[in-house]
2 protein chains.
Amino acid sequence: MTDLQTVDAWWRAANYLSVGQIYLMDNPLLRDSLRPEHIKPRLLGHWGTTPGLNFVHAHLNRLIRAREMQMLTITGPGHGGPAPVANAWLEGSYPERYPDVDWSEAGMRRLFRQFSFPGGVPSHAAPETPGSMHEGGELGYSLAHAHGAAFDTPDLTVACVIGDGEAETGPLAGSWQSVHFVDPRRDGAVLPILHLNGWKIAGPTVLARMSDDALDAFFRGMGYAPLHVGGSDPVQMHRDMAAALDAAADRLAEIRREAPAAPRWPIIVLRSPKGWTGPDRVDGKKVEGTFRAHQVPLPGVREEADHLAQLERWMRSYRPEELFTEAGPAKHLRALIPAPEARMTASPHAEGHRLCPLELPPVEPSAFGMIRPGAELAGATGHLGTWLRELFRRNPDRFRLFAPDETKSNRLDAVFEVTARRAPGPVGPEDEDVALDGRVMEVLSEHLCQGWMEGYTLTGRHGLFTSYEAFIHIVDSMFNQHAKWLRTIRRIDWRPEVPSFTYLLTSHVWRQDHNGFSHQDPGFLDHVANKKAEVVRLYLPPDANSLLAVAERCFSDMGRINVIVAGKQPEPQWLSLAAARAHLDLGFGTFDWISDAAPDVVLACAGDVPTLEAVAAAQLIRTHSDLRVRLVNVVDLMALQDPERHEAGTPNSAFAAAFTTDRPVVFAFHGYPGLIHRLTYRRPNHDNFHVHGYQEEGTTTTPFDMTVMNRLDRYHLALAAVKWTGADAPDLMRHCREALERHRDHVRAHGEDMPEIRDWDWSVPAFGR
Amino acid sequence: MTDLQTVDAWWRAANYLSVGQIYLMDNPLLRDSLRPEHIKPRLLGHWGTTPGLNFVHAHLNRLIRAREMQMLTITGPGHGGPAPVANAWLEGSYPERYPDVDWSEAGMRRLFRQFSFPGGVPSHAAPETPGSMHEGGELGYSLAHAHGAAFDTPDLTVACVIGDGEAETGPLAGSWQSVHFVDPRRDGAVLPILHLNGWKIAGPTVLARMSDDALDAFFRGMGYAPLHVGGSDPVQMHRDMAAALDAAADRLAEIRREAPAAPRWPIIVLRSPKGWTGPDRVDGKKVEGTFRAHQVPLPGVREEADHLAQLERWMRSYRPEELFTEAGPAKHLRALIPAPEARMTASPHAEGHRLCPLELPPVEPSAFGMIRPGAELAGATGHLGTWLRELFRRNPDRFRLFAPDETKSNRLDAVFEVTARRAPGPVGPEDEDVALDGRVMEVLSEHLCQGWMEGYTLTGRHGLFTSYEAFIHIVDSMFNQHAKWLRTIRRIDWRPEVPSFTYLLTSHVWRQDHNGFSHQDPGFLDHVANKKAEVVRLYLPPDANSLLAVAERCFSDMGRINVIVAGKQPEPQWLSLAAARAHLDLGFGTFDWISDAAPDVVLACAGDVPTLEAVAAAQLIRTHSDLRVRLVNVVDLMALQDPERHEAGTPNSAFAAAFTTDRPVVFAFHGYPGLIHRLTYRRPNHDNFHVHGYQEEGTTTTPFDMTVMNRLDRYHLALAAVKWTGADAPDLMRHCREALERHRDHVRAHGEDMPEIRDWDWSVPAFGR
């Protein structure tokens, strides 16, 4: 049997197994004629893209065997689930992971039955699918994931099949730029295979309707060297695809050998019919090669005898008797299975088995040397930057920073002492901290940053994504998918945990001095809090040392999504490193130096700016009234929950020890107030929580005026303490009201805050006591 | 003075005004030497992109005057705020909107002072900026907005400046495809001007580092005919830019005349130095033409004498004495001001003055003819589809449907009786409901759908965006920006309200039969609820007639963002059209036919699937226990709030009349439970609310099994009613527990729900009473 005959047999086998998954509950080898009771009651699944995916997989196996390549495959098109599952079964990796679904006839029956069946397996290349690192349920991220997997894995080739529907999405369209960020000297290769089959669901796709010439120009312009394969005759298509893949592999070998500064990477443009090899016509309408092949092309097989007969003819057209024995795939098929570790459906990279342990530097050298709380100013992210510099130094091949051009403006530029931004093209004389081997991945696309880093961390490496707080919502939906992926792999025994995904959001809602209202949105915290507790963590370190303690934890943890919101501006510092670590251990804690015993009111705070305002409010209360106050700072928001709802939760006793059981709690919160209510909903004393936070009021103004606009400032907090305690504190009330009036006049007249705000003495905790 | 000398003078004037806005509080005409007290205390703003924007604006004015073109301009690059404000002032539209900021010296002083000043104007082309419809604070949406504005405005040319940083974003990269959706017979033209100045903030940009040849191939491939302009010598650049714009205008005129099926639209690729005409070097470092020109190139002007002197030289280099008199722009400049209505800074399209009123068809013909609640099945979106068909029929030039290829799968395909999908290329023999003049805008990019529809509605037309519930998070951040824009225009007296932006989310969390866990996320409701109450509305119609009533309201309302979540599958119907309208008026209401007087427990529900389950739970309770139950359905989530917090809120009396003041409320909610707690937080009886909703548990399974996995099913609801009332109801409890056990066994064995679920009799409200 020739190579291509084997490839064709494999393709037929994978197609047969795919159709079987969509339709059959029983009679997997078609020993009997199909009867209605062999058919699933609910026909779910998508045939349209599947034969194309099987075609690509079969041909990649030929390449892997012929050239001993190390490959990983990413399935971009939506709903191609039957294909990777079929190939994993053929390659034996499915039976290895799921011994019940083995190569026996009973195993094949289970394989068919479980697909899209209650308690069974999903219709995408989900975490349950061996060798998968990309579900493709939501479209647009395949190419970014592929590049993330390829960075720093020089021997790996990532074949990435991209659907023509998917190619219409913004994130995919932006991902073509990734080609400018691959360094052939240290990175693996990505081989995109653009699969054009004409329609997305029912409507035509843009890229499929472009001519080959137009696509050629488009990709050449973007920096690729396209190879075109198109048609529907299997024999010719096998020849053309094999030739194109050989050419691509030759080109990749040449690029690896010569490592040019700006290589032209190959891309394969594959045109094949939607629903290829499926029913040509159904009920008089053309199906193969049309949008009608998208889902289940023969919907009435359980009810209509001619549909059932047509399904049987279709399945028998693959000649299963040549392909399967009672003991699994026929011997000639097995000749195409790569060596165990080389199977794409068992890729150790994709499955997270290639964890590259991170060597963490000590945080002590980066810590802020505390003298007295509030006595000196420091920028939290600046301190983190020096630690990240050491992290880069100790982990030169397994850590990257991802950012939409904000490393410097977020004060992390100490990292540029040991590395640089990756140049997306020739480096010019006026570029600073830009190099072809830079490890800071700056691209003005949050989608690319997220997608690259997901690919990078899913394959066992580590990263930090730093961005604007407001605009991290750009990746809300990508976060959802990644959180669901991480939640699901925790429930799959053969999947190891992968490194955590950590966000550092620094240009945050309260410090949009240049930008104003459009740059103000703290709602990513709410969005993340909706996801499974076992996966997500939200940190609001109030100063430099607490940021370092949080960073240390985030990079030690596995399998989580951490969101850190921190300040980048010079601000008062509150905690020594030891105190910051203890503070983080519980998740919240009292600032004793500004707190009274047996308080009348608790001032709680979370976030750097709210902490400033709460401390100032405590000073005001202690200076201008007899009210006794306690200041509680929250660094780990999830600690506000009880341990039944979140594993980072704290027992009610610890909660009550800080927040009391009966005193009003005036809570100055970084984000929207509703989140604090949500997290503390079941807590004792919850009805006594009065949360101040962002109320969607803002413009380009001073940082302090922003807090006033949203009633988060020291004066409103102090007034709230009076209100909710019902205390008699006329001096304090007069002082606060007058100060607010003075402030409003001053800021509009002078364009800056009044001197008493600018020169506030944070280091004097208790005037008058 | 020649044309181009006037253009140059305008450019210098706009640059002068831009620098003045960034730096000066006083001495606007430089009558005196600059002194520190003339300088703002906080220097905020961005110079880098501004001179390029001014250059483009000046040249477009020449074109508008020379050819009597109707133009609108969109400023894509971030932080270009000083430029549109400067041009609006020069054109007189700023003084018309803000009489204080007139052409006098005092007016110019105010113009300078107000920029990025507390109580002043933002640093972007915000709603406060005359002639703006695109803030550009978040990058990536300019080209989509431009196309939205151009659809159905055949005489309009939308000039869209795109920054090279912005061009890296996914949404912008995907927006190039818009060119395939413009119909020269009925749409306006978009003229993209890609502005390459080399760096985003501090790092290089991908597109700026591509060669002209590469960019040329890229754009030709995508369907454009590029024109290149590049350099730094103003005289040559003026000549080249004028020639390129003339060529582009000729080409546009030819396309308009000949209306080819696949026109090649012009695009201008403009390379100019970042911070062009600004300080060449500062403190020994090159600034003009480098990343250092991004923000404020001379940061120390208030403290350092040489910076101050350099600023003065810079400002005087524009020769202000030739440009401004005490009464405003010099006469020779005014020669370049277009006719009042033709000024881009007073564009009636951009400012929303060109409202195209929508003729609403009656909903009655589309209504479901109710016989008895629950007696018959109907699909809600199918009924809406017939109404949308009539809406298309009556409004052939001002309504479009936007969707990522889901019109048909969301059962809205009745619209295809009067229109079709817009073809993105040649229409093939197997295409169905696809035409070159189709008005259903299907593109598999939620970003494009959102951006197009924003542009379309901001310019006075109407649309509906229908999508998957889970994947609408893709546009979370775009929604934020649009909500902020709508909130802000409500506070600007000269801005009329624009049509509402309505989402229809139908393939929702509970009906992902094909898709499973990755397609389940109801959190868009939470995301939207964070925004200002005056702008947002959330509707969960439980059946066809309530969906029609909601749609009628959404298309009558102005200036809001409406989110509708509705079912597309055949489901029991509950409300006649009259009842549905009354139900919507209050926002919630009792299903009397299944409710007892003086209830022991309230079963509340919001959403189609939760309503099914709550009705079934009520039936179970009434059949198997003595508990008295009331069923309250919520259609308008905002009605749960009190009127002080939301203008759609209901008074506590009405709330208590439905939900009681002291009975347990078991609430079956479509989304995450926290949202109901957030909305009812201040309500009487809130502590008695027990919300069941989505708990991030799901897979590919039956719809009913999904509700069981999340404890939203009828049995868990009935058990909760027993638990929270503390009632003695052993029969009910046994019945529910046994049914849950039977269900679990049955669904995994048979792949479908047990017969008692499939054949549940919705029309029998009260067995046994």
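Student: How many residue pairs are in polar contact across the interface of chain A and chain B?
Tutor: The rule finds 64 such pairs, both residues at pLDDT 80 or more. A polar contact is a pair of N or O atoms within 3.5 Å; within protein, one must be able to donate a hydrogen and the other to accept it, and residues adjacent in sequence count only if both atoms are side-chain atoms. This is a predicted model, where local features need pLDDT of at least 70, side-chain atom pairs count only at pLDDT 80 or more, and totals for chains, interfaces and linings use all residues. Residues are numbered from 1 along each chain as its sequence is written, chains are lettered from A and ligands numbered from 1 in the order in which they are written, and side-chain values use heavy atoms, leaving out hydrogens and water.

Student: Which residues divide into what on the side of chain A that touches chain B?
Tutor: There are 43 nonpolar, 46 polar and 33 charged residues. Here Ala, Val, Leu, Ile, Met, Phe, Trp, Tyr, Cys and Pro count as nonpolar, Asp, Glu, Lys and Arg as charged, and the others, Gly among them, as polar.

Student: And how many salt bridges between the chains?
Tutor: The count is 20, each a side-chain nitrogen of Lys or Arg within 4 Å of a carboxyl oxygen of Asp or Glu. One of them joins R491(A) and E697(B), at 3.1 Å from N to O.

Student: How many residues are in contact?
Tutor: 122 of chain A touch 122 of chain B, with contact meaning heavy atoms within 4.5 Å.
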